[in-house]
Amino acid sequence: MNSKWQIHRVGLLDFWYYDEEEFYFLDGRMLLRGANGSGKSVTMQSFIPLLLDGNMRPERLDPFGSRARKMENYLLEENDEREERTGYLYMEMKRAESDEFLTLGIGMRARKNKKMESWYFCLTDGRRVGKDFYLYKEGQSKIACTKLELRNRIGDGGRVMETQGEYAQCVNRLLFGFETQEEYKELLNLLIQLRTPKLSKDFKPTVINEILSSSLQTLSEDDLRPMSEAIENMDGLKTNLDTLDESIGAAGQIEKVYDQYNEIMLYDKALLFRKSVEEYDSFRKQAEQLKQEIDDCKRMREKEEKHYIELKQEQKICQAEKESLSDSDTVKLKQREVEIRSQLEELKKNITGKQQQEEEKKEKYQETEQRMKLQFQKNEMLWEEIENSLEYMEEEIEGIPFDEFIFMKKELIEQKGEQYSFQSHSELLKDYMEKVHLGKTMLEEEKGCQERYSKFLQELDTYQEEKNRAEREVFQYENQFHEVKQETIESVYHWEKENTELHLRSEILQEMAREMEKYTTETDYWDIRGLANGEFERKNQELSSEILRLSRELSDKRLEKEEIYEELEQWKDQKEPEPECSEAVEKNRRLLEEKEIPYLQLYKVIDFDSKLDESQRAYLEEALLHMGILDALIVSEEYREQVLALDAGGCDRYIFSDAAYVRNNIMDFLDVDNEDEDILLYQNVSRILTAIGWKEQGEEEINESVEKNRTWIDRKGNYGIGIIEGTITKNYTPCFIGASAREQYRIKKIQELEAESQRLEDIIQIVEEEITQLKGRKSRLETEWKSFPKEQDLKVAAKELEKKTNILEEIECKVQNQKGIVEKERKSLDAVRLRVQEVCQKCYLTPRLDVFTEAEKALAEYKEELMRVQISYGNYRNGISFVKVQKEYLEGIDADLDDIRYDLNRMIQNEREKRGSLNSVLEQIALTDYEEIRERLEHCVERLENCR
């Protein structure tokens, strides 16, 4: 969450009586003190509320509300000698919990006798006026920047605005975040009212209450709608609850009745079940009985099949007997009898048929007469129907200018019953109906166009509302995105402030702020973070280099300590110290030991005389050391050739006891260290010591032996070996001559090495601690680098804003498309209206859809009625024709009756003749044994019939 902005300072440049002035605030507050007329009000009114919305109207500048002074008067006075003047006012804001800065300002240019120019700016990248951003050019004097110069200097780190409206929107977005500019204006109006002078004297608390109340935003219908809907929902819920309570009570009553009903139904079903069980038992018994009957029938069937076979056999026998009896003459007479009888039956049927035909014709004659009578009545009714239909048709087209009906009615009545053609009238009616239908169609098309036009207008209003809502949402998401960017910028400043290792220059922070202000969904956040990567890498490299340097130093110190430790152990293990020697010398001495050549080192067999002080001892031992005599080997003369002929690779210095004696020698200052009191050793060492001369200080002459040997030492440690003479450092500490001296030197050396080892241990510990601290700092550096504020909220806000912006663009595209559709539909509607006027004029009807609809309906009824008239008139004429046909039919029936009566008389005569023939045949049959043959034949026929 962003910490709030507070005014940190305000400034004026070349404005009013100020050349350049700044006023600092403490926690967003500042107290101005001064006498009346000293300019306190003018100073403050130059900032608040001027820098909050850029409104420079005179009444806004004067706290008393007068229009006496204009902004131009604060730049150029009446008697000002300057022709023009450019000035700036600015206000610097600071986050309460971070070092993030925001600057708002106004630039003005006043010229005599010309309108004042003004521009507005904001710095959003953290640059500060007078610190790393300047509103003037340096020269002999400070000259305020022009608008173009200011825009070039600000670059991407802010904005330069031309209009006061843009500036007010920018300030609202950066500082307050009101959804609409109207809300922001209400806040400024409240500030203006509250800055009124002597507020406590002029206004009562009630007046202040009214001012504060009036400053509150009026709730819109959109704001009140959720509340009203919630209240309506509560009322609805209360009503639903009451209804549910009543329903529960009613349901209880219904449940009680249903329980009674269910008990009754259960009782009835139980009775029905009982009855069904009884019926089942009855049907089961019947089924058993039927099964028994089926078995009986099967047995009877088997019995009848046997009887059928017997009858088939009997049929064959009777058929043969019948054929045999039929061949006799008596049978032929009988057949003649049967034939005549059959003819008589046929004649009887024909006579009966003719008689029936006669009766039918008589009935048809009567029916025809009745039909003719009915048809006369029907014709009268049809004509009455035609007259009624004509009256109905006249009523239907009342108000419709279709005059052809009058002519048709007149002709139809005058030519009653004659042939009449309705075709011409139908065609005229069809033509007029087509015109009316076309008019109705055009009016319906006009109505459809009007409805579509209204629908498209309504959709356009809906899209416009969606667009307004989407614009509000985009504005809200822009504010949210701006707040998230500000939160991210503040978090970066806070992150930098909290860091102990990774600190960024103000230029880098300002560049980050500029890049975050330009952040979009396509921006790579790591590029913004990468602005600090150079500082991180530099610091990381610095720490890594220091850690590497200290690690190398630690390694060197540890190695040095190990060497010191090894040397210390050697000194501890070594009984006496020995002068340093080369590897060749060591190799040579090992070779001597291998060849068993005895030798002694000079410094081990001599000691200082007690009369020498410490410095003299040091001079003497250092001189012997530089001369190479101190560590030289004393070898017996017998081994001279052998030691001088040793293998190559080894070298050393030898002293043989046959050296020449010198009178003034170092024997006076050195003693032979001979604890074992070896006389031979003492003699050899003594001869060697006496061979080295001693030169007293100031002694110019050298005795003959010294001159001959040319090996000498003086008190100051100067020495000579042959032609070589040398000096010593005189800073030497004796440590080899004398057993006690060597032991003290060994102990001292051990102490020095131990001290050096402890010193190195302390250094190693310090270096390790420094490395640990540096590693901790490096770890903190990496942690601080990794803790760089994340972009998740920024990315989500940018995506949401992009999503809402895309939705707004889609809706704007819909609005534009809808406007095109509305315009296209409007043109189409105008064209349809013109065609409607043209069509309606041909029908002589009012151009209204209801009129044409009623006219079309009436004409349809008229047409149907006309068809009924046409049918009725056709039926009427058919009825007249039917009467004529029936008259002709009656005449035909009279002719048919005559023919039937003639045929009937002829058939009766033929019947009398057949009866005479039948009586003759019967008399002949009576004279034969036909009865016996007939009985047997009838028996065969009967059995054959029974067998079938």
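Helices and strands are taken here as DSSP runs, with at least four residues for a helix and at least two for a strand, numbered from the N terminus. The model is predicted. On this assignment the protein has 24 helices and 17 strands. Buried residues make up 35% of its 948 residues. Among contacts with a separation of 6 or more, 73% join residues 24 or more positions apart.

The second largest pocket holds about 490 Å³ of space. Its lining comprises 18 residues. Trp571, Glu578, Pro579, Glu580 and Tyr745 lie nearest the centre of this pocket. Two helices, α15 (533-573) and α21 (739-786), each supply at least two residues of the lining. The most comes from α21, with four residues. By character, the lining divides into eight nonpolar, three polar and seven charged residues.

Helix α15 also meets α21 through its buried residues, which pack against that helix. The buried set consists of Glu535, Phe536, Lys539, Asn540, Leu543, Ile547, Leu550, Leu554, Lys557, Ile564, Leu568 and Trp571. Trp571 therefore appears twice: it is one of the buried residues of α15, and it is among the residues nearest the centre of the second largest pocket.The length of α15 fits a regular helix span: at 1.5 Å a residue, its 41 residues should cover 60 Å, and the end C-alpha atoms lie 58 Å apart, which agrees.

A similar check applies to helix α22 (residues 792-843). Its 52 residues reach 74 Å from the first C-alpha to the last. The span expected at 1.5 Å a residue is 76 Å, and the value found is close to this. Just after α22, Tyr844 takes a positive phi of about 55 degrees.

Toward the N terminus, strand β1 (residues 5-15) and strand β2 (residues 18-24) pair in the antiparallel sense. Six bridges connect them. One of these pairs Leu13 with Glu20 in β2. The two strands form a hairpin, with two residues between them. In the turn, Trp16 has a positive phi of about 55 degrees.

Thr86 belongs to strand β3 (residues 84-95). Its relative accessibility is 15%, so Thr86 counts as buried, the cut-off being under 20%. Beyond residues up to four places away in sequence, Thr86 touches Leu13, Asp14, Met108, Arg109, Trp119, Ala144 and Cys145. Leu13 is thus a shared point of reference: Glu20 in β2 is its bridge partner, and Thr86 is in touch with it.

Arg128 is placed in the loop between β5 (117-123) and β6 (136-137). At 17% relative accessibility, Arg128 also counts as buried, because the value is under 20%. Leaving aside neighbours within four places in sequence, Arg128 is in contact with His8, Arg9, Glu92, Phe101 and Phe133. Glu92 stands 36 residues from Arg128 along the chain. The C-alpha atoms of this pair are separated by 7.7 Å.

An open sheet of three strands has the order β9-β11-β12, with mixed pairing. β9 (600-601) and β12 (654-656) stand at the edges, each with a single partner strand, so one side of each is left without a neighbour in the sheet. The pairing of β9 with strand β11 (residues 633-635) is antiparallel and runs over two bridges. In this pair, Gln601 stands opposite Leu633.

Strand β15 (residues 711-714) has pairings with two strands. With strand β14 (residues 693-695), β15 runs parallel, joined by three bridges. Gly693 stands opposite Trp712 in this pairing. With strand β16 (residues 719-721), β15 runs antiparallel, again over three bridges. Here Thr711 stands opposite Ile721. β15 and β16 form a hairpin with four residues between them. Gly717, in the turn, has a positive phi of about 90 degrees.

In a regular strand the side chains alternate between the two faces of the sheet. In β15 both faces are covered. Thr711 and Ile713 lie on one side, Trp712 and Asp714 on the other, and all are buried.

Conventions. Residues are numbered from 1 along each chain as its sequence is written. This is a predicted model: local features need pLDDT of at least 70, side-chain atom pairs count only at pLDDT 80 or more; totals for chains, interfaces and linings use all residues. Side-chain values use heavy atoms; hydrogens and water are left out. On a 1 Å grid over the protein atoms alone, a cavity is a set of points where a 1.4 Å probe fits but cannot get out, and a pocket is an open set with protein on both sides within 12 Å along at least five of seven lines; lining residues have an atom within 4 Å of a point. Grid points are joined across faces, edges and corners, and a volume is the space filled by probe spheres set on the points. Ala, Val, Leu, Ile, Met, Phe, Trp, Tyr, Cys and Pro count as nonpolar, Asp, Glu, Lys and Arg as charged, and the others, Gly among them, as polar. Two strands pair if DSSP finds at least two bridges between them. The expected span of a helix is 1.5 Å times one less than its number of residues. Buried means under 20% relative accessible area, exposed over 50%, partly exposed in between (1.4 Å probe, protein chains only). Contact means heavy atoms within 4.5 Å.
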